Amino acid sequence: MRISDIQRCEVRPGRLVEWTFSPATVAAAAALPPDPRPPAYIQESHIRTARSVREDGLFVPTWIGAAFDLPGRAELGALEGALRGWTLRHETLRSGFRWAGDDMHRFTLDEDDVSLRREVVGDFADAATLARYLQDRFDAEADALGWPNLIYAAVVRDDSTSVYLAFDHTNVDAYSVQRIPDEISELYLAGLAGRPVADHAVSSYVDFCEQERANADGIDDTHTIVARWREFIARCGGRLPALPVGLGLRPGGALPAQQLLREPLVDADTAAAFEAYCRPYGGTMVGVLAATSLIVHQLGGQPVYRTVMPFHTRAKSAWSDSVGWYVGGAPIEVPAARDFDTALATVRAELQANRSLARIPLARVLRLLGTDFRPTSPDLYSIVSYVDARVVPGSARWTEQKAYGLIRVSYGDQVCVWVNRLHEGLWLACRYPDTDLAYKNIRRYTEALRELVVSVPAPDRVRAAEPTFS
């Protein structure tokens, strides 16, 4: 799925309709007793970070979401049924948190207590005005510090209907968002035809949170994973790593606004050739990290590229269809290499050695380290993420559906890069501080990455395979 902001996801004029949780649902939630299942560490860290930044006087929206089209003028009753049915399928969407002093406690609604309120907002004749309105609404309704923290919308036209969903990040990750167009389209078409949908039992992310937290709480500061993070952070100068290129930031300055670069990187044939070349070392993910290590050394001159590599934590098939934030991180260190093949071998070895560290949430590790990482930015570190999205159900129809994964670009002092493998090729999106130097270096990084991907030999010239990373 192409990653974009709301301004560049093909917003078109039409009649805007919104769905939020009904007043009755909100009232039912307010009366609920605590749910003993705790938040995941990543959820708690995200909410505490949002609160810390807000206390510093800055509202930093961090919602993510999805946009896609349905054919023709949608029948709103059927669409509302699909949205409610999908919401009930995923327990985390009807679960939230309250503060009791400095502690967070979960509450979770029963399915019967969940209803949606539909509101016809009105007709928008100008796409830019509509995009601004949607962004403002999503900022207000999908706020990390509020509940409910999701909103659904549709822009209805005679020839098509655009559907938008926005969530606070605590409820969804990239894979959750990518599944939305196929799941809601299926529910909508079934409702339109009056046919039942096959029972689709989905494991609960709320249950996963309880299990993951119990596992994480079972380790102490003597655990090997904690020791390896301690050593990594020490080599980063006592901080989590930033992208080691000039960003034009003033030390101690205010949190800067950000910009988004998003564009196709290479076409499908070139992406396939790059995958074939990198396959002996583990594939495109390894290739993107290896290329990044070479490029940032050229741009910034640092002898070692250090980053935190995101990995999904859907270790069991039971979680494969579940909506939630199933992401952990592993530390990666890549010394400056003499060539791409050397970098590939180093990255493969780093991933093999360190991927298991993602099983313990970083927030738990930091707590055990006793390090005071009071967050002043929504991003604790820089990332370069790679996802092969071609395996997601319905991905072959994303172009036809005008499907996008939405991210909110607001404030932050880190660089976050996402490279997605689509049926059309590789798509790159990058959120970075809005400074002249950051723009120049991110532009240089993108062009250098494209040139390196294009430069690898064609598949018939690729050397014999070596053992692959798994």
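**Notes on the packing in this model**

1. A good place to start is helix α9, which packs against helix α10 (residues 340-354) at an angle of about 120 degrees, the two axes being 8 Å apart. That angle makes α9 oblique to α10, and the crossing is right-handed. On the α9 side, the contact uses Met-285, Val-286, Gly-287, Leu-289, Ala-290, Ala-291, Ser-293 and Leu-294. Facing them from α10 are Phe-340, Ala-343, Leu-344, Val-347, Arg-348 and Leu-351. By type, the residues of this contact split into 11 nonpolar, 2 polar and 1 charged. Keep in mind throughout that this is a predicted model.

2. Which other helix does α9 pack against? Helix α9 (residues 284-300) also meets helix α13 (residues 436-455), at an angle of about 135 degrees and with the axes 10 Å apart. These two are therefore oblique to each other as well, and α9 passes α13 in a right-handed crossing. From α9 come Ala-291, Thr-292, Leu-294, Ile-295 and Leu-299; from α13 come Asn-441, Arg-444, Tyr-445, Ala-448, Leu-449 and Leu-452. Here the split is 8 nonpolar, 2 polar and 1 charged. Ala-291 and Leu-294 are worth clicking on: they appear in the contact with α13 and also in the one with α10.

3. Now for the cores. In soluble globular proteins, nonpolar side chains tend to be buried together. The largest nonpolar core in this model has 51 residues, and those with the most contacts inside it are Trp-19, Leu-79, Trp-86, Tyr-152, Leu-165 and Phe-167. Helices and strands both feed it: at least two residues each come from β2 (14-21), β3 (64-71), α3 (76-89), β7 (150-156), β8 (160-167), α5 (174-193), β14 (416-422) and β15 (425-433). The largest share, 7 residues, is supplied by α3.

4. What does Trp-19 touch? Leaving aside residues up to four places away in sequence, Trp-19 is in contact with Leu-76, Leu-79, Glu-80, Leu-83, Leu-116, Arg-117, Arg-118, Ile-151, Tyr-152, Ala-153 and Ala-154. There is also a second, separate core, this one of 48 residues, with Val-286, Ile-295, Tyr-386 and Val-415 among them. Two of those names should ring a bell: Val-286 is part of the contact with α10, and Ile-295 is part of the contact with α13.

5. Helix α11 (residues 362-369) is a short stop but a useful one. Of its 8 residues, 6 are buried, so the helix is largely enclosed by the rest of the structure. The buried ones are Leu-362, Arg-364, Val-365, Leu-366, Leu-368 and Leu-369, so do note that an arginine is on that list. They pack against α2 (41-55), α6 (205-217) and α7 (224-235). Right after α11 comes Gly-370, with a positive phi near 70 degrees.

6. Is Leu-265 buried or exposed? This residue of strand β9 (residues 258-267) counts as buried, at 5% relative accessibility. Beyond its sequence neighbours up to four places away, Leu-265 touches Leu-426, Trp-427, Leu-428, Thr-446, Leu-449 and Arg-450. Leu-449 is one of the α13 residues that meet α9.

7. Phe-59 sits in the loop between α2 and β3 and is partly exposed, with a relative accessible area of 34%. Its C-alpha atom is separated by 8.9 Å from that of Tyr-411, although the two are 352 residues apart along the chain. With residues up to four places away in sequence set aside, Phe-59 touches Arg-54, Asp-139, Asp-143 and Tyr-411.

8. Finally, some backbone details to check on screen. Trp-147 and Pro-148 are joined by a cis peptide bond, with omega about 0 degrees; Pro-148 is in the loop between α4 (127-141) and β7. Glu-10 is not a glycine, yet has a positive phi of about 65 degrees. Glu-10 lies in the loop between β1 (2-4) and β2 and is partly exposed at 31% relative accessibility. Lys-402, not a glycine either, has a positive phi of about 50 degrees. Look for Lys-402 in the loop between α12 (398-401) and β13 (404-407), partly exposed with a relative accessible area of 27%.

Methods: Residues numbered from 1 in each chain as written. Predicted model: local features only at pLDDT ≥ 70, side-chain atom pairs only at ≥ 80, totals over all residues. Heavy atoms only, no water. Axes fitted to C-alpha atoms, helices over the stretch in contact; angles between N-to-C directions. Helix = DSSP H or I, 4+ residues; strand = E, 2+ residues; numbered from the N terminus. Parallel < 35°, antiparallel > 145°, perpendicular 65-115°, else oblique. Left-handed = near helix turned anticlockwise from the far one by under 90°. Contact = heavy atoms within 4.5 Å. Nonpolar A, V, L, I, M, F, W, Y, C, P; charged D, E, K, R; others polar. Core = buried A, V, L, I, M, F, W, Y, C linked by side-chain atoms within 4.5 Å. Buried < 20%, exposed > 50% of the residue type's maximum accessible area, 1.4 Å probe, protein only.
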